[in-house]
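Subject: Handing over the model

Hi,

Here is the structure I promised to pass on. Have a look at it first, and then read on for my notes.

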Amino acid sequence: MSSVPYDREAVQKSLREKIRRAAAKAIAEEDVWSEYNIQSIPAERVVRHRYNPETRQFMKDETIVKIERKPFTHGAMRHCFRMKKLATPPQSASNHRFHSYGWSRGLNYVAKTYMRRGQIDTTKEGSDAVLTDITLQYEAMHWAEKYNETMAPKKIDFIRAYAIEFVDRPKKPMFAVERFIAGKFMVDDLPQPLTPLTPFFLLQVFSSITQIRGLLISKSIARLRKYSQVSKSLPFCPTRLQSDLLSIFFIHSILFEAHSFYASQGQRLVADVQGVGDLYTDPQVLSMDYRFGDGDLGPRGMALFFKTFRHCDMSDRLGIPIFPLSRNEKKHQAKYNDDESTLSEGSSLLEDELKCKFQRLDLNRQKRKSALVRPIDIGSDHNKDTARRSNISDLSKTIRCSMRQLKVSSAYISRTKSDVDEISSSLEMGLTDTVFDHRAFHRFESGEVKPRHVRTSSEKKSDDLREKRMNRGTMFSKSMMKVTAPTMNVTDEMKSNLGKVHFHLAILHGMDRFPEIVPGDNTEEKPSHCFFSVIFHLCHAASLWNVPACLALARARVGLDTFVSPLLKTNVPIDFESAKEFCKRAMASERSIAAPKVAAGCLLYQIIEDEGASGDVEKMSILEEILSLMKLCAEEDKIMKDHAEKESRGKAEGFHVGDKVEGNYFMEGTYYAGIIVEVSEDGNSVVVQYDDDGSTESLSNENVRSLEPPSEILAAQTARLSDEEALGTVNTDEQCLFEDYDLMAKLAELKGKAGEHSDAAALFQEAADLAMNVGKMKSANAWSMRAAELEG
């Protein structure tokens with residue numbers, strides 16, 4: 001049987017005809033906002049800020065809009081305004097007739113802005129918050145594109161957005177703008193009148209949204225319901241959702257969120273996506289460096305996500321690795337196997353639907369900020385002091401007094417033999433590298449996905465009935481479970497970020513964030529948090545070379561307090577050899593800032609010095625490494641100080657002279673580091689002087705991107721600030737046991753004994769100078785005299 005030849009011209013003609021008919025219907029359709037007479041409002045000049053995710057900069061251009069002066073709805077944080085904008089004129093003359101209709105046929109937009117004390121927030125913080133929202137939308141779009149490139153049968157997209165600045169208004173307020181999606185059903189091949197608004201109907205409808213030259217013609221209804229808002233506080237269990245079709249929406253939003261983490265090598269996680277079908281809006285992006293506004297909870301937010309994420313067949317088939325959970329966490333998840341989630345019906349009116357949706361968006365934003373609060377702290381204000389604690393008498397006074405911890409009890413937990421075995425196996429795992437083989441992806445060695453469970457005859461009959469019901473209307477339901485994508489690539493960067501997530505999940509347990517995980521019925525005797533989950537995730541983090549986790553375990557192994565959990569000191573067996581191994585593992589980690597490595601080195605040296613069994617050569621090696629890390633720590637602090645000065649500017653200000661950037665050298669696609677030496681008057685182009693040869697080049701902003709500090713430095717420094725704000729405390733594990741001048745003097749003494757008099761004298765003199773700068777005159781004089789003796 002011969003195949004029909006492909007007629008390119010006929011296909012193009014058919015496509016042009018479809019576009020013409022769609023545009024004609026859009027023109028003929030009544031404006032859903034006509035009753036508000038927006039076209040009679042005076043037009044205003046605005047500067048549009050469009051985000052470029054490649055350069056991480058905002059591009060500017062001018063346009064005009066008509067916007068209502070009073071909001072038509074509001075949430076807890078933002079107000080919402082109706083707005084019209086004429087579509088950007090096409091370069092060809094083929095669409096002039098459409099624009100002849102003027103403002104009455106202008107495109108409908110929703111403009112959102114932040115409020116402060118009942119007024120539009122015109123501060124730099126308010127403008128930056130708007131621009132952050134736009135950045136979030138584009139960041140989410142980027143990872144949605146990555147998800148769509150996989151074999152997932154359901155595609156995901158986000159509504160396009162940008163910011164507008166009313167330059168002729170006082171203080172130039174900033175608004176975030178999105179297209180208003182509305183319209184009657186306009187598909188030729190569906191029966192009339194319109195079919196009822198069923199989930200199946202919505203599923204078909206939202207798969208056919210088409211964008212034509214900036215005009216979003218919705219081949220759907222106008223009711224944009226938030227069907228993905230399905231009790232995300234409960235563990236993910238797709239087989240028990242109330243509706244099979246709605247569970248598809250939920251499955252894909254959750255899978256997309258998990259996929260975004262692994263696709264970004266653990267740098268991002270697009271969370272709390274909201275919308276219906278494959279069209280989403282108002283996401284929150286979590287990042288390792290807390291760059292996406294107040295709702296960005298960083299790795300701690302990622303930990304909250306993975307604690308409730310439950311792997312299913314689809315996550316296995318998409319190649320998403322298993323995120324390990326403790327025994328008690330799995331038991332808690334299992335409690336929800338028989339639970340059913342419900343959905344809010346909402347209003348049936350378009351305007352009420354939009355208002356309710358907008359208010360829910362702002363409510364979610366507020367919830368994001370309070371996600372780290374412990375249940376016990378709700379409605380109370382606890383001002384916790386710090387105290388110095390230790391229970392090891394044979395260690396030096398320096399170690400015993402090194403730890404400051406919250407005033408909470410360190411109760412001993414009664415344990416069964418299986419509990420003891422679990423602790424022992426976890427501690428052994430902490431000193432062993434994590435292996436991501438086929439078992440980590442729930443697959444056989446051949447790459448075939450392992451079945452999650454063997455179905456009984458009744459389950460098979462129920463599943464077959466469910467599949468038939470789904471197949472009546474969905475195009476992708478049957479292919480969903482036949483997808484088998486390659487496993488996701490687990491790089492060193494991803495391992496490092498997974499370690500951070502495990503570490504922060506241990507912290508969340510330690511701060512009593514999950515009291516429901518604690519086993520036992522006696523509320524008076526059981527601890528405030530699950531110790532076994534703390535040790536489980538700490539050891540998983542250590543196996544991934546997470547330095548703070550290694551440091552916390554090393555402290556627990558010598559009986560010291562750690563800020564992670566007060567239960568570690570009294571329930572982890574003391575083992576000095578294991579403590580030294582954890583310290584060495586921390587110092588050898590390649591993907592970490594210097595500060596926790598310095599603390600680990602100081603602890604290691606103190607243990608070795610107290611034991612008195614190590615030779616001078618080993619001690620000198622450790623001291624030299626610690627001092628090298630201390631210098632690196634000072635360099636990292638300077639990098640962050642320079643970055644903080646740059647970040648203090650508003651996000652809309654663009655580049656300044658002196659900014660460190662990367663330029664697209666001669667437009668060849670290769671970016672080289674340099675510094676900006678000149679900025680054009682309109683701010684749309686700059687002159688870059690390259691670092692390597694000093695040459696200069698004029699480039700548009702699209703070909704220049706900011707040069708930011710290394711991600712490890714940026715993440716760690718911002719994490720400290722976040723910890724202080726969220727927990728009211730600091731990571732006291734990283735407080736050093738020694739000052740740099742003390743370590744220099746110790747090293748100088750050892751080098752003097754080894755006959756390296758010149759090096760010893762220089763170290764003694766440097767230690768004396770540093771001690772004098774901080775007022776340690778007695779030590780400074782003694783070390784100066786020792787330097788003079790060695791030089792003489």
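Let me start with one ring: Phe309 counts as buried, at 4% relative accessibility (buried means under 20% relative accessible area, exposed over 50% and partly exposed in between, with a 1.4 Å probe and protein chains only). Phe306 is buried too, with a relative accessible area of 1%.

Before going further, some housekeeping. This is a predicted model, in which local features need pLDDT of at least 70 and side-chain atom pairs count only at pLDDT 80 or more, while totals for chains, interfaces and linings use all residues. Residues are numbered from 1 along each chain as its sequence is written, and side-chain values use heavy atoms, with hydrogens and water left out.

Now back to the rings. Rings of Phe, Tyr and Trp (its six-membered ring) pair if their centres lie within 6.5 Å; planes under 30 degrees apart count as stacked, over 60 as edge-to-face and the rest as tilted. By this rule there are 23 aromatic pairs. In one of them, the ring centres of Phe306 and Phe309 are 6.3 Å apart and the planes stand at 85°, so the pair is edge-to-face. Ring pairs also link Phe261, Tyr262, Phe305, Phe306, Phe309 and Phe323 into a cluster.

Two arginines sit on rings as well (a charge sits over a ring if NZ of Lys or CZ of Arg is within 6 Å of the ring centre and within 35 degrees of the ring normal). The charged end of Arg82 is over the ring of Tyr36, 3.5 Å from its centre. Arg585 lies over the face of Trp545, at 3.9 Å from the ring centre.

For the overall picture, the protein chain has 24 helices and 22 strands (DSSP runs numbered from the N terminus: H or I and at least four residues for helices, E and at least two for strands). Of the 792 residues in the protein chain, 51% are buried. Taking contacts as heavy atoms within 4.5 Å, 68% of those between residues at least 6 apart in sequence join residues at least 24 apart.

Arg82 brings us to strand 4 (residues 78-85), where eight of the eight residues are buried, so the strand is largely enclosed by the rest of the structure. Both of its faces are covered: Arg78, Cys80, Arg82 and Lys84 are buried on one side, and His79, Phe81, Met83 and Lys85 on the other.

What does strand 4 pair with? Two strands pair if DSSP finds at least two bridges between them. Eight antiparallel bridges join strand 4 to strand 5 (residues 107-116), with His79 partnered by Thr113. Strand 3 (residues 73-74) is antiparallel to strand 4 over two bridges, and the two form a hairpin with three residues between them. There, His74 has His79 as its bridge partner. Strand 2 (residues 57-67) also pairs with strand 4 in the antiparallel sense, over two bridges, and Ile67 stands opposite Met83.

Further along the chain there is an open sheet of five strands, in the order 21-20-19-18-22, with antiparallel pairing. Strand 21 (696-700) and strand 22 (704-706) are its edge strands, each pairing on one side only. Strand 18 (residues 660-664) meets strand 22 over three antiparallel bridges, and Glu662 stands opposite Arg705 in strand 22.

Helix 19 (residues 595-611) is worth a look too. How well does its length fit? At 1.5 Å a residue (the expected span is 1.5 Å times one less than the number of residues), its 17 residues should span 24 Å, and its end C-alpha atoms are 25 Å apart, which agrees. In helix 19, 14 of the 17 residues are buried, so it is largely enclosed by the rest of the structure. Just after helix 19, Gly612 takes a positive phi of about 70°.

Finally, two charged residues to click on. Asp121 is in the loop between strand 6 (119-120) and helix 3 (124-148), and is buried with a relative accessible area of 9%. Not counting residues up to four places away in sequence, Asp121 touches Tyr114, Met115, Arg116 and Gly126. Lys500, in helix 14 (residues 492-510), is buried at 14% relative accessible area. Lys500 and Pro548 are 48 residues apart in sequence, but 8.7 Å apart in space, C-alpha to C-alpha.

Over to you, and enjoy!
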